[in-house]
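Me: Please take a close look at the salt bridges of this model. Which residues pair, where do they lie, and are the partners buried or exposed?

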Amino acid sequence: MGKVLESSLWRSSDFGTLYTKLNLQPGIATVIENFYICPTNKKKIILVSSSHNDLDQNLFISTDEAATFQKQPISFFVEMLIFHPKQEDKLLAYTKEGQLHASIDLGIKWTLLQERVSKDHIFWAVDGVDGDPDVVHMEIQDPDGDVYYMACPLQNCSDKALQSPFAGSIDKNSLTVQDDYIFLQTSSANQTKYYVSYLRNAFVQMKLPKYALPKDLQIISTDESQVFVAIQEWYQTDTYNLYQSDPQGVSYSIVLENVRSTKQPEENVLIDILEVRGVKGVFLANQKVDGKVATLITFNKGRSWASLTPPATDMNGKPTDCKMPDCHLHLHLRWPDNPYVSGMVHTKDTAPGLIMGAGNLGAQLVEYKEEMYITSDCGKTWRQVFEEEHHILYLDHGGVIVAIKDTSIPLKILKFSVDEGQTWSTHNFTSTSVFVDGLLSEPGDETLVMTVFGHISYRSDWELVKVDFRPSFSRECTDEDYESWDLTNLQGDRCIMGQQRSFRKRKNSSRCIKGRSFMSALTSKVCECSPSDFLCDYGFERSTKSESDTCFAEFWFNPDAPPEDCILGQSYRSSTGYRRVISNVCMGGVDLQQNVSQHLCPLTAPKGLQILIKGGSPAVRPGEDVTFLVKQERGDILNTKYQVDLGDGVKATYMNLTLTGEHIQHRYANPGVYRVSVVAENAAGRDEAVVIVQVHPPLQALHLEVLPVVSRNQEVNLTALIMPRNPNFTLLYWWIGNNLQPLLSLDNFLVTSFAEEGKVRVTVQASCGNSMLQDSKIIQVLDHFQVLSLKFSEYLDLYNPSIPAWREDIGHVVTQRIAKETSIPEEYLVTVVKPGRPTTADLHVLLPTSHPKKKRAVSADKRIAAIKQSLNAHNISFFMRGGRWVLVTLDSSNSDSQRTGGGGGYWTMVVLFLFSLVAAGALIFYKFKRKLPGRNVYAQMQNEKEQEMTSPVNHREDTQNIIQGEEFIDDDLECQTLGNARVAPSGRGGNLKCYRVPLLLLALSAQSQAISQAWF
């Protein structure tokens, strides 16, 4: 995206007729990031501006409705400004770094209040509720990452003056201060608890149905001394249940189930419930049952709900054929992304009873249908006005309704009605069609002037069009221009929320201006109480299979039991199952609470005792401070004694421990496992809580030792060397290959095998307490390889520190020396130095996997011979500390100094051995049949072999010749006829020197015998 290089600011003081461009800094480009208008004095405006290079930031402050501005440089970058709700010169500034600054002179001077403050969780004092009007409520994160609710006065917000009204840490982004209430939540052990403070009293855990098990809680409304919350319970995914509280916001009763919800970007949740403005107690909600969404309305704050009555005819006067109970009116209750247009349903405080929304007729709400409907009697009767969605704007207390089609094409026509949508007129607000971006009117003033703003093309500047309806009205309204209308519900009952209410509205025949002084409320009359004025109390619910209004106690609730917070000496009332709807003013008549009985709180035994550790982890390091917090969910706390045993001999006794919220801080000097217990006891009973604390030093080192080369299907030992060991308390995670499911063990080794050839990565993670280390190695799994046992000069043991790194270095240098001496590629040699003393090693000789098996076998024999010759000739050595050379030789003490590895190598040799026996027998039979030629051949063979063995050859030259001779193995060897003997191998043409056959067979036999000894 492109960057804004300059902003232009325009001002109009005549309802948008003329605009004047404001020049904040002559000759300097200014970028306006945001602007703020004081809620108590709209003459005071603050603009937040940044330089085009974002190196500095300024405030432009106006006290005369933006006629003039004063530039004020600031030393921080503002992300959000918050005006005081009552005192116009006081404001807070939240920075992008999480700092909170305060000013008492409209932004001229600033003071740093706190750091590490959570955005959007900063609140000014509520007038009439907080004792000090300058108190600031906020979420603060400490250096350890824990979040706390803090409050402090504006003039003194140092760390010493900070107050923590809630004991303990809270969940991040959970603090909400709204009207009479403060809400927050805590989570531990996969359980979330919600707390509320009413009128700034002590926090109390909110009482939700025991098995609601909420996944999320959203505050819907807190006005009229009552809380509406939407709770997503454990079984819900795209719906919430609506609950209503008592005046204190503590106990909650369900009023509507399965209200539809939609998750927005950044984890925001939209819940389909709308409070109708202008008439208290009226709500609209979309309920989703079995995948179908239907719109419901309540006139008594959720006590009872009903479907919307469909209109009998459409906008053209034709029958709708929508008959109840199979067909109703349904409305979309979504909010728009654009703040300058109305939502799908539009209501207003100054236009009571007037509701206009988009929806459809049918058995359920259809997403793509957005016909427009209107009601002027608060939802009792509806009329269709448009076939498509329109943006709505109410002017002059709803005396003029303006509608512009919601479309992506440019427009120049708007529609308006002066008789509450009975009839509509059109108006060309511009000669050139524009793409409409929004509708504006003077905020807070009920005028007849509005502005349409948009753009002619996507590359053009904004177009602002003023629309003035004042010429359409010649006079102010008088009493004769009004008539009254009575608020009734869908059943026609006038007694709603305990009273009969009448409102006045302008007659449809009158063309006059209501004006700013218009009052819609006319009269009200208190009604006698009836069962419809009561809803079910906490722990009770109505039966869905019964038509009666009887409330039944849930299975988990005992209405006669004292409440959990009942204190000895105080009294409590048992519930009858009913409570009157909050804000209901009925008097006399039926009283479903009249049989409530009063009881004295008994002494109750402590229950639900818990020991919490700050930070949540029961694993600490020696010498580290541990902070314990003891909590008790139920039972008496004033007369209870708490005996604390910290497990290392330290014991203490407390009174009122859970009441004061006192922390217990301790430090364990020595590693070990400690049983920390708290026993709470009074005359009624006792409870105990235990937590196991593990004190271990952190892991310092982890090394994975494996054989770099192993045979297929051969059991191998993977060993993890850990410092410090911490036996039985270090958990190891073994990850083999690409498998994401680890093998777990408390031992530092794992025995496993590999079924497939190739390279396999083995990773081990060691976890002890709060520390975790990892190491990884690659193992080569082969079918064929050979192993030679090696030994070293004795004095190498003097310098063997028995650490993995030393062994790896020794193995690497031995591999390099042998590769250089024999010209065998280094990638075919792996030397593994074994742990312990005396120092020994295994040399793994790998076979080229690209060669056929026959060629690999011959190649391996020549390489082994070359390596043995170099080792026996003492040609492999390396220089060691102390000025001495370390000699590497074959380990003759190990009878199994040469071994063959591989899953199928042994059986191959057995087959070759049997084959050689058969071939030898055939040859001997052939010799006996032809004695003389056979003897001549044998004599000639012996002569040639004696010559080969007595030839003086240098060891190094011989080694080189052996290796270089491998290139001839692939060629067909020509045979010469010696005497009269001739051999014709089956399956291959050509002659072969016959004296080589018994030598080859003897070699195979000897090798098979050696292999047999190694395996058995």
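The reply below goes through the salt bridges pair by pair.

Reply: The structure is a predicted model. Side chains of opposite charge can pair when their charged atoms come close. Searching the whole structure for such pairs gives 28 salt bridges. Three of these pairs are described here, together with a network and a residue of helix α2.

Consider Arg260 and Asp272, whose closest N and O atoms are 2.7 Å apart in a salt bridge. Arg260 belongs to strand β21, which covers residues 252–263, while Asp272 sits in the loop between β22 (269–271) and β23 (273–275). The two residues are 12 residues apart, and the pair links distant parts of the chain. Arg260 and Asp272 are both buried.

Lys405 and Glu388 form another salt bridge, with an N to O distance of 3.1 Å. Lys405 is located in strand β33 (residues 400–405), whereas Glu388 is in the loop between β31 (383–386) and β32 (390–395); the pair therefore ties together parts that are 17 residues apart in sequence. Here each partner is partly exposed: the relative accessible area is 31% for Lys405 and 43% for Glu388.

A further salt bridge joins Arg807 to Glu705, and the closest N and O atoms of this pair are 2.2 Å apart. Arg807 is part of helix α2 (residues 804–822) and Glu705 is part of strand β59 (residues 701–705), so the contact ties together parts that are 102 residues apart in sequence. With a relative accessible area of 6%, Arg807 is buried. Glu705 has a relative accessibility of 18% and also counts as buried, because the term applies under 20% relative accessible area.

Beyond single pairs, salt bridges that share partners join residues into one network: Arg260, Asp272, Arg334, Glu367 and Glu370. The buried pair of Arg260 and Asp272 thus belongs to this network.

Helix α2, which holds Arg807, also contains His812. His812 is partly exposed, at a relative accessible area of 43%, whereas Arg807 in that helix is buried. The C-alpha atom of His812 is separated by 9.4 Å from that of Val833, a residue 21 residues apart from His812 along the chain.

In summary, the Arg260 and Asp272 pair has both partners buried, and Arg807 and Glu705 are buried as well. Lys405 and Glu388, by contrast, are partly exposed.

Technical notes
Residues are numbered from 1 along each chain as its sequence is written. This is a predicted model: local features need pLDDT of at least 70, side-chain atom pairs count only at pLDDT 80 or more; totals for chains, interfaces and linings use all residues. Side-chain values use heavy atoms; hydrogens and water are left out. A salt bridge is a side-chain nitrogen of Lys or Arg within 4 Å of a carboxyl oxygen of Asp or Glu. Helices (H or I, at least four residues) and strands (E, at least two) are DSSP runs, numbered from the N terminus. Buried means under 20% relative accessible area, exposed over 50%, partly exposed in between (1.4 Å probe, protein chains only).
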